[in-house]
Amino acid sequence: MILVYMECRDGKIKKSSLEALSEARRRGDEMGMETTAVLVGHGVNALAPDAFRYRASKVFVLENALLSHYSPSGYTKALVSLIEEIRPEIIFFAATSMGRDLSPRLAAELGVSLAADCIQTVTKDGKLEVRRPLFAGKAFASFTFKTSPQMASLRPNVFPLAEPVEDQGETIKKEVVIPEDQVKDRVVEILKAEGAELDVTEADIVVTGGRGMKGQENFDLLRELTSVLPNSALGASRSAVDAEWIDHQHQVGQTGKTVSPSLYMAFGVSGAIQHLAGMSSSKFIIAVNKDPDAPIFKVADFGIVGDLFQVIPPLKEELKKILSE
Amino acid sequence: MNLFVFVKRVPDTESKIKINHETNSIIQEGLNFVLSPYDEYAVEEALQIREAKGGQVTVFSAGPDETKAILKKCIAMGADEAVLIKDDVSETYDALRTARIISQALKTKYTEFDLLLFGKQSVGADSAQVPSMVAAMLDLPQVNVVTKLEIEGNSGTALREIEGAREKVTFMLPAVISAQKGLNEPRYETLKGIMAAKRKEIPVVTLEELGIHPEELAVGLKLTKMESPPVKESGKIIEDEPGEAAKKLAEFLRQDAKVI
Ligand SMILES: Cc1cc2nc3c(=O)[nH]c(=O)nc-3n(C[C@H](O)[C@H](O)[C@H](O)COP(=O)(O)OP(=O)(O)OC[C@H]3O[C@@H](n4cnc5c(N)ncnc54)[C@H](O)[C@@H]3O)c2cc1C
Ligand SMILES: Nc1ncnc2c1ncn2[C@@H]1O[C@H](COP(=O)(O)O)[C@@H](O)[C@H]1O
């Protein structure tokens with residue numbers, strides 16, 4: 001059996017969890033394994049149909065009022081009791097901030113190793129093989145597992161979603177008994193950042209500004225582009241963040257976030273190795289830079305050598321025109 | 001407060017990574033090794049807590065003898081003590097193994113602590129697992145990717161970064177914290193610190209002294225292949241008048257890339 005952890009935020013299952021579930025089902029079908037999902041929290045029962053839509057055959061629901069807010073220690077305890085009972089061979093998480101926090105704790109509690117932030121999974125001799133970047137994408141390594149269950153977290157935005165189906169599976173509610181003192185770390189509040197802009201890791205399109213933006217006020221030019229482009233978010237190089245033109249939540253790169261959107265647009269970014277580390281797995285890369293030798297052009301699918309201040313205004317108009325067609 | 005910080009020796013982020021395809025490993029020659037960048041935030045935070053509340057900062061690292069250089073850097077920044085846990089096994093990319101070494105050290109020899117500080121992720125392995133695994137093994141609360149930390153008596157509050165927001169987390173001490181950029185501004189080494197670091201003896205403990213049997217550390221991940229990133233075909237680079245360039249780009253996005 002494959003078990004996939006379904007992360008719930010704002011009363012919904014996260015898309016990245018559904019991507020992990022879709023990928024699990026592809027492997028499950030090859031290996032002749034049942035693909036199941038697990039929901040943890042309070043009042044999450046109602047979300048089971050979404051997991052069925054993305055081809056879970058069973059959904060386990062672990063509910064307890066103590067788990068209404070995320071707690072790595074509490075959620076781990078709940079998951080361990082389920083896993084010891086149903087003994088899955090494979091467990092997938094989405095490599096989101098919650099997935100990357102929770103999955104290693106669970107792995108250690110189960111005494112197994114975990115491959116984090118994988119970008120590919122394959123079936124090899126009936127077992128799982130995963131591929132993950134090392135050195136921020138300067139190398140790629142494939143791993144198989146000597147411990148069981150085989151555990152991996154999967155990078156968001158990399159694995160295709162399955163075509164949703166209207167199937168219904170079995171929902172299995174499990175009583176979770178957790179002594180209060182086992183919930184050692186509790187989220188008591190979620191503070192939304194800056195007018196709840198979309199996060200760079202979750203956007204289909206990332207519009208990034210570097211030092212070439214010259215100042216805080218010019219990021220408004222990029223905000224105008226994101227307002228035209230659907231499902232887009234604002235990114236930044238470290239230089240722009242260090243200059244305090246923009247909050248470091250937006251930083252892309254080795255010490256920022258790793259993104260793999262469908263489209264990455266870099267304006268006034270030179271393309272230092274630490275920046276490329278965070279975005280080179282993007283599906284399409286666009287660069288606008290006045291220096292024809294800027295390293296960013298080496299990874300760009302389409303580059304414009306020119307002054308970004310002259311390119312952005314007509315570009316916005318062209319995009320508007322095309323998107324309204 | 002007894003503050004322990006865990007640091008790792010890693011190739012600096014500028015390094016060109018070359019692969020030995022026979023051994024499926026990184027060629028060490030020519031790499032410049034440094035203290036992993038996120039670990040600097042962890043060291044700085046420990047120093048600031050000590051300055052505010054008193055106590056002692058001890059820095060630990062598991063690795064070969066050469067690791068002493070980064071431990072000395074931590075002393076030069078202001079840490080009181082440093083300990084090398086000698087482990088000559090080359091990088092396995094298996095966090096479980098490292099977490100077992102660290103948690104065993106904390107169970108057997110270094111049992112008195114209030115806070116364990118880590119970097120959110122080590123450069124290279126990029127796994128971001130050791131802190132959570134150590135927390136699980138010692139049954140401690142954990143808060144990862146922390147950008148703000150407050151300790152009050154025997155409890156704490158931390159802000160941790162998530163997608164588009166921050167989570168406020170409360171916990172009791174002792175606890176595991178992993179540091180994210182933004183938590184603080186790591187200080188530079190002082191001349192006085194550098195002198196102190198030069199003189200400082202760094203004790204070395206072996207795995208055996210920590211009661212670790214190699215078979216318990218068996219690696220759970222088997223590396224089957226290591227490759228360089230696929231070389232990207234060069235794209236289309238144009239140098240037209242801005243309006244014309246913008247038009248071509250928009251067309252490219254719709255017709256060739258089909259992303260909008
Ligand atoms: C340990 C470590 C970690 C790091 N982590 C990160 C990280 O996570 N993310 C990151 O981004 N960096 C990171 N860096 C920094 C990285 O090395 C670079 O310094 C940084 O990425 C440069 O940012 P930039 O491209 O915006 O600025 P620059 O390198 O200064 O480039 C600015 C570019 O803008 C162009 N330009 C200027 N004016 C215009 C104009 N009018 N029109 C068009 N183009 C123009 C210039 O030609 C130039 O190419 C890290 C460095 C270290 C040492
Ligand atoms: N060999 C090691 N010795 C001491 N601390 C380590 C070691 N490896 C990892 N860590 C700590 O764990 C953090 C996360 O590392 P990782 O899980 O490898 O990404 C690092 O930033 C360090 O604080």
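A salt bridge, as I count it here, is a side-chain nitrogen of Lys or Arg within 4 Å of a carboxyl oxygen of Asp or Glu. I keep in mind throughout that this is a predicted model.

**Entry: charged pairs**

With that criterion I looked up the contact between chain B and chain A, and the count there is 9 salt bridges. Over all chains the structure holds 43 salt bridges. One that I examined has the side chains of A:Arg131 and B:Glu227 meeting at 2.2 Å, N to O. I also looked at a pair within chain A, where the side chains of A:Lys15 and A:Glu19 form a salt bridge at 3.2 Å, N to O. Both of these residues lie in helix H1 of chain A, 4 residues apart, which is about one turn of the helix. As a general note to myself, side chains of opposite charge can pair when their charged atoms come close.

**Entry: the interface of chains A and B**

I next asked how many residues each chain brings to the contact. Chain B gives 84 residues and chain A gives 92 residues. The two chains bury about 7,600 Å² between them, and 57% of that area is on carbon and sulfur atoms. On the chain B side, I find that B:Glu163, B:Lys181 and B:Lys232 lose the most area to chain A, together 9% of what that side buries.

For polar contacts across this interface, I note 52 residue pairs, with both residues at pLDDT 80 or more. Which element of chain B supplies the largest share of the side that touches chain A? Helix H6 of chain B, residues 242–256, does so with 12 residues. By residue class, the side of chain B that touches chain A divides into 41 nonpolar, 20 polar and 23 charged residues.

**Entry: a sheet shared by two chains**

I then followed the backbone pairing across the contact, where strand E10 of chain A (residues 139–145) and strand E14 of chain B (residues 221–227) pair in the antiparallel sense over 6 bridges. Within that pairing, the bridge partner of A:Thr144 in E14(B) is B:Lys222.

Tracing outward, I find that the open sheet has 4 strands in the order E8(A)-E9(A)-E10(A)-E14(B), with antiparallel pairing. Its edge strands are E8 of chain A (120–124) and E14 of chain B, each of which pairs on one side only. The twist averages 30 degrees from one strand to the next. Inside chain A, strand E9 (residues 127–134) pairs with E10(A) in the antiparallel sense over 5 bridges, and A:Val130 has A:Phe143 in E10(A) as its bridge partner. Helix H1 of chain A lies across E8 and E9 of chain A, running at about 5 degrees to E8(A).

**Entry: the parallel sheet of chain A**

What is the strand order of the open sheet of 7 strands? In chain A I read E7-E11-E6-E1-E4-E5-E12, with parallel pairing. The edges are strand E7 (114–118) and strand E12 (170–175) of chain A, each pairing on one side only. Neighbouring strands of this sheet are turned by 20 degrees against each other on average, direction ignored.

I checked one pairing in detail: strand E1 (residues 2–6) and strand E6 (residues 90–94) of chain A run parallel and are joined by 3 bridges, and A:Ile2 stands opposite A:Ile90 in E6(A).

Two helices of chain A came up here. Helix H1 (residues 15–31) lies across E1, E4 (35–41), E6 and E11 (150–154) of chain A, running at about 175 degrees to E1(A). Helix H3 (residues 72–86) of chain A packs on the sheet, touching E1, E4, E5 (58–63), E6 and E12 of chain A, and its direction makes about 150 degrees with that of E4(A).

**Entry: backbone exceptions**

Most residues other than glycine have a negative phi, and most peptide bonds are trans. Against that background I noted A:Ala136, which has a positive phi of about 50 degrees although it is not a glycine, and which sits in the loop between E9 and E10 of chain A.

I also noted two cis peptide bonds. The bond from A:Ser148 to A:Pro149 is cis, with omega near 0 degrees, and A:Pro149 is placed in the loop between E10 and E11 of chain A. In chain B, a cis bond joins B:Leu173 and B:Pro174 with omega about -5 degrees, and B:Pro174 is in the loop between strand E11 (165–172) and strand E12 (175–179) of chain B.

Key
Residues numbered from 1 in each chain as written. Chains lettered and ligands numbered in written order. Predicted model: local features only at pLDDT ≥ 70, side-chain atom pairs only at ≥ 80, totals over all residues. Heavy atoms only, no water. Pairing = 2+ DSSP bridges. Axes fitted to C-alpha atoms, helices over the stretch in contact; angles between N-to-C directions. Contact = heavy atoms within 4.5 Å. Buried area = accessible area lost by both parts, 1.4 Å probe. Polar contact = N/O pair within 3.5 Å; in protein donor to acceptor, adjacent residues only side chain to side chain. Nonpolar A, V, L, I, M, F, W, Y, C, P; charged D, E, K, R; others polar.
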